[in-house]
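User: I should like a close look at a single part of this model, with each term explained as it arises. Please take the part where one chain touches the other, and place it in its surroundings.

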Amino acid sequence: MTAARRPADAGGRPLLLALAGLTLVAFLISLAVGYVRFDLVGALEDAIHGRDSLAALALTELRLPRAALGAAVGFSLGLAGAAMQGLLRNPLADPGVVGVSGGAALGAVVAFYSGLAAALPLALPLGGVAGAAVAAIALYALAGRGAGTMTLILAGVTINSFAGALTALALNLSPNPYAATEIMFWLMGSLADRSLPHLYLAGPLSLIGWALMLSAAPALDALSLGEDTAQSLGFDLARLRARLIAGSALAVGAGVAVSGAIGFVGLVVPHLLRPLVGHRPGRLLLASGFGGAIALLFADVAARLLPVHPELKLGVITALIGAPFLFGLIDRMRREG
Amino acid sequence: MRVVVSQAVVRFGERKALDGVDCAVGGGEMVALVGPNGAGKTTLLRALADLQPLQAGEARYDGRRARELPRGEFARRVAYLAQGGEAHWPLRVDHLVALGRLPHRRPFADLSAADRAAVEAALAATDVAHLRARTLDRLSGGERARVLLARALAVEAEILLADEPAAALDPLHQLAAMAVLRDVARRGAGVVVVLHDLTLAVRFCDRVVALAGGKAIADGPPAALTDAVIAAAYGVEALRGEHRGEPFLVPWRAIGAGREGAGG
């Protein structure tokens, strides 16, 4: 067996190592960039030795949660986008499309609106997770066992519209203009002023979601040949759908809850990386997770470096880049198809 | 493995796609499934593959139901090639064919030597080895059909169910694909192939099952495809003959058109 006869391993370990390395670089840059200037190495030493210097506090209380959440939320969005595109076999799908992001945003808005978020800070993230879970369960109830891709997309559209309407209703009825403003800002998405407890809440749920989605890689590869063929290759499609819906609800729900609605990462990143993995949906998952982390970390660094005050919201930046990208993508698909 | 579908009934709304059909295939046997459009050929093939829920009747695999076999084992033993095969992403040819090895692989493990040998054999058998590094969107329809057939061959299953594997192929590759399938049967697997080409069916298959209106109207050696069966199924007359000891059958003209011709 010569090397030449082996199928070339497009998008194998070298690509994943490069993306993981780039994620680390982006993470370190995110730690180093901010409004408080300090010596990063010195701050790290202080933090490790337990010295409560200002620099160490800025590092552990401000920079670290922000960078870690950026990486985690970006990973969730990129991975969930790739997973949804693989499941729906549609390059335009992302967590927003199937209604999970919308449900998460609604859940968090309800927490705002009910005043729970004011009474208990963690009610906001919990509301987001609950909203994503409700959206995912509604999606599953609508699309059900054995339903086709079209049903799933229509169910996602329905849930998104309903969640959007309820969110607008909450804003509409809000008696307190400050609460409405707060909701508006939160919906724009940001990583600013997040703390380690946010990470502790979102982290474990995200990890479970990642594991569920990554374990679906072989099934997604098989699914690129259609549902009958995937089933004939030994994959249970109902279980695959359940696994991907639950996985994306956990990861995206937890992410949206702490960062607000950040769109387009799950759409753009898988699209850019797909050619590098030979268009294989299974290989795309992990690559897309790292790609999402890199994209969100750099977008968040840009938010802090841009000479715009108040700081641009992260969701605004990703939308400003992502929407024209989506436009171009649709235009190209229209001309090709 | 012996697959037996008995008294299968499948309804799509009012229409009965299958209306009490019996069909069986065993190792070493090549069976053609023929019949006009909408006769229930694909539905029966999907029933044989345990992809089609039956409203009545059942499918048995060596006497057992599919759900009594572990999912992975079933996938290794029964391969299915869908009609007009689709691939939703422009995968590379060798990557696509390797998907046929998924039932044999532990998740996330690399291709084993046996996997690679099966992929190579399948690429060679369907004459697409030279296209291995191309992506699917750079192939013609016929080349794509051969690649998808290679994917099904790569499973190396005991039962191979193929839905119109020859439909998009040029004459050379039609003959080659049928020879490959017959070779698979000669080496011990059971092969069921949906065909529109009666000439290929009669020449290459050991047994022909003719469907019409959801019922099996003939099941036997190629000779079972009598003029009466062909007339009932397709409404055509066939031309028959023999060339070097092999029978051939060519659909010749519509029965109605023949009468008009006689009158004029």
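Analyst: The answer below begins with chain B as a whole, turns to its contact with chain A, and ends with one helix of chain B and one helix pair of chain A.

This is a predicted model, in which local features need pLDDT of at least 70, side-chain atom pairs count only at pLDDT 80 or more, and totals for chains, interfaces and linings use all residues. Residues are numbered from 1 along each chain as its sequence is written, while chains are lettered from A and ligands numbered from 1 in the order in which they are written.

Chain B contains 9 helices and 11 strands; helices (H or I, at least four residues) and strands (E, at least two) are DSSP runs, numbered from the N terminus. Its C-alpha atoms fill a box of roughly 70 × 40 × 35 Å along the principal axes. Of the 264 residues of chain B, 46% count as buried; a residue is buried if 20 or more other C-beta atoms, placed from the backbone, lie within 10 Å of its own, exposed if 12 or fewer, and partly exposed in between.

At the meeting of the chains, 27 residues of chain B are in contact with 21 residues of chain A, contact meaning that the C-beta atoms, placed from the backbone, lie within 7 Å. On the side of chain B, two or more residues come from each of helix 2 (71–77), strand 5 (78–81), helix 3 (93–98) and helix 4 (113–125). Helix 2 of chain B gives the most, with 4 residues. By type, this side of chain B divides into 17 nonpolar, 4 polar and 6 charged residues; Ala, Val, Leu, Ile, Met, Phe, Trp, Tyr, Cys and Pro count as nonpolar, Asp, Glu, Lys and Arg as charged, and the others, Gly among them, as polar.

Elsewhere in chain B, helix 1 (residues 41–48) is largely enclosed by the rest of the structure, because 7 of its 8 residues are buried. Among them are Lys41(B), Leu44(B) and Arg46(B). Just after helix 1 of chain B, Asp50(B) takes a positive phi of about 60°.

In chain A, helix 4 (residues 100–113) meets helix 8 (residues 177–188) through residues including Ala105(A) and Phe112(A) in helix 4, and Ile183(A) and Trp186(A) in helix 8. The residues of this contact between helix 4 and helix 8 of chain A divide into 9 nonpolar, no polar and 1 charged.

Definitions and conventions: Two residues are in contact if their C-beta atoms, placed from the backbone, lie within 7 Å.
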